[in-house]
There are 2 protein chains.
Amino acid sequence: MGGDFGPRVTVPAALQALALNPSLYLLLVGQTEAITPLLINADPSLLPRLEIIHSDDVIANDAKPSQAIRNSRSTSMREALDLVKNGQAGACVSAGNTGALMGLSKMMLKPLPGIERPALASALPNQQQGRTLVLDLGANVECDSNMLVQFAIMGSVMAEEVLEIPQPRVALLNIGEEENKGLDNIREASAILKETLAINYIGYLEGNDLLTGKTDVLVCDGFVGNVTLKTLEGVIRMFLLLLKTPNGEKKRAWWLRLLGRWLQKKFAKRFGHLNPDQYNGACLLGLRGIVIKSHGSANQNAFAVAIEQAVQAVRRQVPTRIASRLEAVLPKSD
Amino acid sequence: MGGDFGPRVTVPAALQALALNPSLYLLLVGQTEAITPLLINADPSLLPRLEIIHSDDVIANDAKPSQAIRNSRSTSMREALDLVKNGQAGACVSAGNTGALMGLSKMMLKPLPGIERPALASALPNQQQGRTLVLDLGANVECDSNMLVQFAIMGSVMAEEVLEIPQPRVALLNIGEEENKGLDNIREASAILKETLAINYIGYLEGNDLLTGKTDVLVCDGFVGNVTLKTLEGVIRMFLLLLKTPNGEKKRAWWLRLLGRWLQKKFAKRFGHLNPDQYNGACLLGLRGIVIKSHGSANQNAFAVAIEQAVQAVRRQVPTRIASRLEAVLPKSD
């Protein structure tokens, strides 16, 4: 159990998720001595659906992925992925080291046929009351055109099968909408996607279209995706904070202050769906098993949301559905 | 006079800027027949400080920069840069094709000694009531480590000389704060900056720190910078729009509606400094002349802000100050 806060966030989040999902059974992989004390005050009726799988070590957040993977034998991340590989668990949820999770998942669960590298995907709320699936959010810092095309295909299948959007629109994130804009890999991917008839490719979109709902799937490399997502979250958190903070209220009459607070609450509610905690948990798409990456800094609510994402992915059998569709959609040359 | 809207935005913006700055003299470079009708209702007292320089052609927004530069002879962008080159104008403000403006500026005004490529820089408002200078915002889609180092140095000098921040903190935008994160060029730039004693280099920051004020200068390549800035602007515009939009107001009593609107206005005012129109205009740093790039989609107010940025840059003699500091700061090996 990694992440920035370890079991003291993930264990209460696990209990919260168990209370919400009567059919959920959770295996907590980590140091028993760190987990047990956190269960003392838990609702006893939840405990039969919870099991501790002891593991001695944790992969450090700042560990170099390649080294971490080599020395991963007795770590909780590896144990958890082993449970998925052996069919003892339906999904693995982790707030740990992204690079190590990506590498270990790929090594242990293997990519789907035709997929070189899995990608982190998250469905962000958009202005049209819908969702836009964005990938890659940080699994691959460098991507060639083929990887971008594979991300586009996986994203399209996931949007159709999981978000239930028929013929989802797919766009590439770029610095302009004109043909000649951007980097070579993006322009090459665009040319390939134009020829890929199974994909409803609509061209380039820019950063300001991330939340407008102009597309159902937005594809970029993991470096740009990670920076973009974090920028988005940073701005939203700042706005939510500013909305909550009183501003020179003392000068106002008591009834104005009360009304102000009431209105602030209304606003906070209105913007609530944009709160990054509400969509925490990115799916590592393109593997033969389900792996959900939570923010390292996730709080209890946010980590519970990530567990819920795993529940949904298991229910909808995401890898099986993607695999069965990929065969028809992937370019035959691969 | 390019940009998405041409003279019908830039001419009224020019009049607005003239009214604000009694010492400003503007040369409007473009098609006389398009500009003149827009001056009919102008305040006659402003007209003596305004001159139309006729040019037949405009560089199209979607033109490929290399081609546009080759065929630029009679375009307004080239004419305007010529005026700067010949000392007839102190600065050029354009809402046109970014790539062409970058290329033409470099060709005509020449980079400062030791600078390979100019970068687009903008001072964004941050949570600490200060400003964070971000560059490159789109002039160079691909950057090697040396370019990033030069951007860091130019940014540091500009923050010190123009934003008046002593020993400005400089950070590189990355996908994590640990040493081993990110792309090779960023890690290499980080290693060089650590050895550059004249720069107060503080390491990596992530996208969520764009507005927190943890740094005074944030450096990235032009692709990431452009996507990040546009993401930021998109989210802020969406928030400002949601703040303004009434939400099921009809059900409320009239006095609640009135109060609600009053409070909404208060909120809008509070977030007003974040409105992208308020900081429109990125400075093309690293040239021997002053070039300000406005958003192509700038409205009248936003374009007037870009003109004001040019006024400030001229007053503070940005290129001269940067040049005189660069000599001391740039690594001697260059």
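Colleague: How many residues of chain A are in contact with residues of chain B?

Modeller: In this predicted model, 40 residues of chain A are in contact with 40 residues of chain B. A pair counts as being in contact if the C-beta atoms lie within 7 Å.

Colleague: Which elements give two or more residues to the side of chain A that touches chain B?

Modeller: They are helix 8 (222-244) and helix 9 (254-271) of chain A. Helix 8 of chain A provides the largest share, 15 residues. By class, this side of chain A has 18 nonpolar, 13 polar and nine charged residues.

Colleague: Why is helix 6 of chain A called oblique to helix 11 of chain A?

Modeller: The axes of helix 6 (residues 145-161) and helix 11 (residues 318-329) of chain A cross at roughly 125° and come within 9 Å. Angles over 145 degrees count as roughly antiparallel and those from 65 to 115 as roughly perpendicular. The crossing fits neither range, and helix 6 of chain A is therefore oblique to helix 11 of chain A. The crossing is right-handed.

Colleague: What makes up the contact of helix 6 with helix 11 in chain A, by class?

Modeller: It has eight nonpolar, no polar and three charged residues. Among the residues that meet are A:Ile153 and A:Glu161 in helix 6 of chain A, and A:Arg321 and A:Leu326 in helix 11 of chain A.

Colleague: Why are helix 6 and helix 11 of chain B called oblique to each other?

Modeller: Their axes come within 9 Å and cross at roughly 125°. These helices of chain B are therefore oblique to each other. Helix 6 of chain B passes helix 11 of chain B in a right-handed crossing.

Key. Residues are numbered from 1 along each chain as its sequence is written. Chains are lettered from A and ligands numbered from 1 in the order in which they are written. This is a predicted model: local features need pLDDT of at least 70, side-chain atom pairs count only at pLDDT 80 or more; totals for chains, interfaces and linings use all residues. Two residues are in contact if their C-beta atoms, placed from the backbone, lie within 7 Å. Helices (H or I, at least four residues) and strands (E, at least two) are DSSP runs, numbered from the N terminus. Ala, Val, Leu, Ile, Met, Phe, Trp, Tyr, Cys and Pro count as nonpolar, Asp, Glu, Lys and Arg as charged, and the others, Gly among them, as polar. Axes are lines fitted to C-alpha atoms, for helices over the stretch in contact, and angles run from 0 to 180 degrees between N-to-C directions. Angles under 35 degrees count as roughly parallel, over 145 as roughly antiparallel, 65 to 115 as roughly perpendicular and the rest as oblique. A crossing is left-handed if the near helix is turned anticlockwise from the far one by less than a right angle, and right-handed if clockwise.
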